[in-house]
Amino acid sequence: MFPFHRPRRLRKTEGIRRMVRETILRVDDLIYPMFVTHGKGVKKPISSMPGCFQESVDEIVKSVREIVSLNIPAIILFGIPEEKDEIGSGAFDPHGVVQDAIKAIKDATPELTVITDVCMCEYTSHGHCGIVKDGEVLNDPTLELLQKEAVSHARAGADMVAPSDMMDGRVQAIRDALDSEGFTDIPIMSYAAKYASAFYGPFREAAESAPQFGDRRSYQMDPPNRREALKEVALDIEEGADIVMVKPALSYLDIISDVKEAFDVPVAAYNVSGEYSLVKAAAEMGWIDHDRVMMEVLTSIKRAGADMILTYFAPEAARLLQS
Ligand code: PBG
């Protein structure tokens, strides 16, 4: 009888669909990015990222309790310092915003894994991810600052550090610095294949980190490149990265898939600000079903090969997954 094969048989009921489902998104897959700012009692909405806030330390402590109650295992912290300077000193200030926030969060919710973003762009007056000389972002002199920043996060109690600057050699430099300060057990999640993407637009409002001149194309990857991502990831693993990240996620699902195939380390993917804001905006216009699109987006990132997903949707997705 024609047709002999009927794939629709396995789609007939929700019960059968559940049995043959290949990708299951779990709350354990989610990492929630949070923005800590100076001051007290501050909880300032980020207009281009509905549902996200810049929060002072006292406020973020309240918010992380909610994250823990939703069973989300980890957050990644970004800091907005009171003052910025040429070399981003706020990044390694023992009493900087991130350092203070780590301590307060670990005191309040020790079970929550605190990852920190290690980068200079939120702390430098020019907004670039490293030291600038004559309009150029210098690689090797920046490494020393990143080392100091990573060590100061570890000293404050961070569970993991995540360098996002895209300087060459930074994973090894950070590994060396952590080890020589006794932090041999702090893992490094490297933003290994990070592209110079326009999808970071809303984040730059959130972190007040837009470059004041030029762009990041001399250090972040060129979006058309695929093979080069494998090279970046291989180098980071060689240098000691424990987890490698692909960023952004949605326009780079092929890269996630390639990295997953080629390497045996956990792969993270960053569902970035622009990807989040697009969904929020379309949902606000009534053009899409917010929750279904959100879950489809996150599931697609996992299906491509991500073992974990950094996403601003984490609380909403966690709520849905556990309802
Ligand atoms: C800092 C950093 C950026 C993001 C994470 N870490 C911005 C950038 O490189 O310009 C982007 C995150 C997002 O868009 O959600 N270097």
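This is a short tour of one helix, one cavity, one pocket and the cysteines. The model is predicted.

**Stop 1: helix α11**

Select residues 314–321, which form helix α11. Now colour Ala 314, Pro 315, Ala 317 and Ala 318. These residues of α11 are buried. Turn the view until you look down the axis of α11. The buried residues fall within an arc of 165 degrees, so they line one face of the helix.

What do the buried residues of α11 pack against? Show two strands, β1 (30–37) and β12 (308–311). Then add two helices, α2 (57–69) and α10 (290–304). The buried residues of α11 pack against these four elements. Keep α10 on screen, as it returns at the next stop.

**Stop 2: the largest pocket**

Select Arg 21, Thr 23, Leu 25, Met 295 and Thr 299. Of the 13 residues that line the largest pocket, these lie nearest its centre. The pocket holds about 390 Å³ of space.

Which element gives the largest share of this lining? Helix α10 does, with six residues. Colour the lining of the largest pocket by class. You should find six charged residues, four nonpolar and three polar.

**Stop 3: the largest cavity**

Next, go to the enclosed space. The count comes to one cavity of 30 Å³ or more. The largest cavity has a volume of about 150 Å³.

Select Cys 121, Lys 194, Tyr 200, Phe 203 and Lys 247. Among the 19 lining residues, these lie nearest the centre of the largest cavity. Add strand β9 (189–194) and helix α6 (201–206). Each supplies at least two residues of the lining.

Colour by class again. The lining of the largest cavity has 10 nonpolar residues, six charged and three polar.

**Stop 4: the cysteines**

Stay with Cys 121, one of the residues nearest the centre of the largest cavity. How many disulfides does the structure hold? The number is zero. Cys 121 is in no disulfide, and its nearest cysteine sulfur, that of Cys 119, is 3.9 Å away. A disulfide needs the two sulfur atoms within 2.5 Å. Cys 121 counts as buried, at 5% relative accessibility.

Finish at Cys 52. Draw a distance from its sulfur to that of Cys 121, the closest cysteine sulfur. The gap is 17 Å, too far for a bond. Is Cys 52 buried or exposed? Its relative accessibility is 2%, so Cys 52 counts as buried.

Methods
Residues are numbered from 1 along each chain as its sequence is written. This is a predicted model: local features need pLDDT of at least 70, side-chain atom pairs count only at pLDDT 80 or more; totals for chains, interfaces and linings use all residues. Side-chain values use heavy atoms; hydrogens and water are left out. Buried means under 20% relative accessible area, exposed over 50%, partly exposed in between (1.4 Å probe, protein chains only). The arc is that of the directions from the helix axis to the C-beta atoms. Contact means heavy atoms within 4.5 Å. On a 1 Å grid over the protein atoms alone, a cavity is a set of points where a 1.4 Å probe fits but cannot get out, and a pocket is an open set with protein on both sides within 12 Å along at least five of seven lines; lining residues have an atom within 4 Å of a point. Grid points are joined across faces, edges and corners, and a volume is the space filled by probe spheres set on the points. Ala, Val, Leu, Ile, Met, Phe, Trp, Tyr, Cys and Pro count as nonpolar, Asp, Glu, Lys and Arg as charged, and the others, Gly among them, as polar.
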